Structures are given as C-alpha cells and as structure tokens.
Amino acid sequence: MLSLLYMNTKRIILEEQGLRDGFQTLSQVIPTSKKLAYIEKLVEAGLTRIQVASFVHPKLVPQMADAEAVCEQLTKKPGVIYSGLVLNLKGVERGIDAGLNHLACSISASDTHSKKNARLSLAEAKNTFKEMVRHSKSHDILVRGGIQCAFGCRYEGHIDENHVLDMVNHHLDTGIDELALADSTGMGNPKQLGELMYKVVERAGDIPVVLHLHNTENKGYANLYAAINAGVQIFDTAFGGLGGCPFIKSATGNIATEDSAHMIHQMGYETGIDVHKIASISRELEQTMDTTLPGQLYQLLDKKDIKIV
C-alpha cells in the first residue's frame, strides 16, 4: 500500500516531526491539549504524515511523558498517517497499546550513539530491531525501519558507506514497510548523500525510502535537493526548523517544513502543503517560547511588504 506513494513522480511527501523531534529538546513542556491543537492545524495545512510522539522513558525525555495521552485523544482524520517513534520492544508495546497503526522502529549506525540513545550496543540493537519488527507485524502494524547517524556521528566521525548498506540489507530482510535513513548529526554533504541514497533507493526497490535531515551544518536543504535527484520522495521536516537529539553533541533542528515545501514548490514538485498555514504555526510557537525559531520562511511571511513566489 505504501508503495503507491511513488506513483506520482512529481509529488514529494513531507512527514511532520515537530511534535516529536521538535518538542523533545524544548525547555518548556508543551501541554497535551496544545500538542493536539498543533496536530489539528498541521492536518489543516495539508500534512498527511505526522509523527506525534516517541515512546521513550519520561525521565530521559520529559516532553514525551504524555505520549499515550496524545495518541488516545487524537481525532484521526482519514488519509493521515499518525506515527510514533520506538527504540525498543517496550516502546513497540506502548505504541500498540496507544492505538497507533504506524511505528517507526529505529536504531543507530553508530555503536557509540546507540549506547547513548538506546542503551544498547549496535549488535544488541540489530537483534532488538528484528524483535521490534516481528512484534509490530504480528499486530498488523505498518513499520518504518530507521537507521540513525547514517551520514556521520559526532562521537565516531565518518560512518562507512558499506556499513550503512549492510544495515539497509539487514532492515529490508526483516520485512519492513518503509526504510528511513537519518542524517541525525547534520554531517552529510550533498555529494555523499546523493550517491548513497541512489544506491539505497535502488536496493529498496518497491519499499518507499524516507530521509530525515538535520540542518546542523547548514547543508540540510542542499541535501534535500541531492536526495530528490537520487529518487527520494519522502522527507522528514519540522515546522519552524525545530529539533535535535538530547544524546548527540551540538544537535540542532530539522529542515523546516515551510522552508522545504516552499523550495520544493519552486522546483516544480507538489506537496499539498500550505506554507502560509505552516508558517502561522511556527509564529505561534515562537510567541509561546518567546524565542526565534531556526526556520527562515515563517519570518519572511510575517512581513507584508515583500513577495514570496
């Protein structure tokens, strides 16, 4: 079913990560009711994929302590995928119990990051991943299999391409419905990313490929362009450019949803997203947090004397 996303080669799909990746590093805890309101606004703006929470230990990531409450109180709209991030079997069980039918099971390509992020060595994480997929599929859950730090690690440095491709094969062999690679540290460059993603897309065949990009080194949008040219059609973004990982040194935000959609539209692709509506969500959060967000476009759209085309 998910492979149908590839039928329209002029359409790029954006999955909103602001509620999960974006909120997890904020100093101010966003109330459940506010999260639900944001989700409604994101759907109204045209998002058809939203990662609403991660099922992790609340003491480690306090912003996700209400993951079950968010999922249980969702007003699910037809045609919208509401997903959750899980890092272990306990997270899978929580996601299933919360009523989600799409889970992102993710492990790291970096042994050091894996130990910090999931408290598992890479070998342990790969075995756990198989169990996560098996348990999810036994409950008819659609599984997105993720590989974090696929383009570099702040602790280990370069991640060998062949190692990443071996992990791609490992993930595909488990029967996942989607394959996702993440530039979790923002270390990837357009040449490296374009070449690797071309190989990944080819290897994945009918399995949709997703790319999760961070803009830590200000290369996120160049990497987005390179990946589109390599055949990737689904990308993770976060409104306002929110995001970052508590377990990665100097991690900063995702590429912004409104900035990405605007650039994609200029390139002649469709997203179905209203950038003005996304920008208004970013402005609202900016006022709530009393700080300027990393995204650029929402700030431009707030000015009445300039044109955006």
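This short talk goes through three helix contacts and two cavities in the structure shown above.

Before I begin, please keep in mind that what we are looking at is a predicted model, and that residues are numbered from 1 along each chain as its sequence is written.

Let me start with the helices. Two packed helices are described by the angle between their axes and the distance between the axes, and I will give both for each pair.

The first pair I would like to show you is helix 2, which covers residues 32-44, and helix 11, which covers residues 275-289; they pack at an angle of about 160 degrees, and their axes are 9 Å apart. Since angles over 145 degrees count as roughly antiparallel, helix 2 is roughly antiparallel to helix 11. The crossing of these two helices, helix 2 and helix 11, is left-handed. If you look at the side of helix 2 that takes part, you will find K34, Y38, K41, L42 and E44, and these meet K277, I278, I281, E284, L285 and T288 in helix 11. Sorted by class, the residues of this contact between helix 2 and helix 11 come out as five nonpolar, one polar and five charged.

Now let us turn to helix 7, residues 161-173, which I will follow through two contacts. With helix 6, residues 122-138, helix 7 packs at an angle of about 25 degrees, the axes being 11 Å apart. Because angles under 35 degrees count as roughly parallel, helix 6 is roughly parallel to helix 7. Helix 6 brings L122, K126, F129 and K130 to the contact, while helix 7 brings H163, M167, H170 and H171. Here the division is three nonpolar, three polar and two charged residues.

What, then, is the arrangement of helix 7 and helix 8? The axes of helix 7 and helix 8, the latter made of residues 190-204, come within 11 Å and cross at roughly 25 degrees, and the two helices are therefore roughly parallel to each other. Their crossing, that of helix 7 and helix 8, is right-handed. In this contact E161, V164, L165, V168, N169 and L172 of helix 7 meet L196, K199, V200, R203 and A204 of helix 8, and the residues divide into seven nonpolar, one polar and three charged.

I will finish with the enclosed spaces. How many cavities of 30 Å³ or more does a search of the whole structure find? There are two, and the largest cavity holds about 60 Å³ of space. Its lining consists of L87, S106, I107, S108, S114, N117, A118, L120, A125 and Q148, and the elements that give two or more residues to that lining are strand 4, at 102-108, and helix 5, at 111-117. Strand 4 gives the most to the lining of the largest cavity, namely three residues. By class, this lining has five nonpolar and five polar residues, with no charged ones.

The second largest cavity holds about 40 Å³ of space, and the residues that line this cavity are R11, I12, I13, L14, G46, L47, T48, T271 and I273. The lining of the second largest cavity divides into five nonpolar, three polar and one charged residue.

That is where I will stop, and I am glad to go back to any of these places on the screen.

Conventions
Predicted model: local features only at pLDDT ≥ 70, side-chain atom pairs only at ≥ 80, totals over all residues. Heavy atoms only, no water. Axes fitted to C-alpha atoms, helices over the stretch in contact; angles between N-to-C directions. Helix = DSSP H or I, 4+ residues; strand = E, 2+ residues; numbered from the N terminus. Parallel < 35°, antiparallel > 145°, perpendicular 65-115°, else oblique. Left-handed = near helix turned anticlockwise from the far one by under 90°. Contact = heavy atoms within 4.5 Å. Nonpolar A, V, L, I, M, F, W, Y, C, P; charged D, E, K, R; others polar. 1 Å grid on protein atoms, 1.4 Å probe; cavity = no way out; pocket = protein on both sides within 12 Å on 5 of 7 lines; lining within 4 Å. Points joined across faces, edges and corners; volume = space filled by probe spheres on them.
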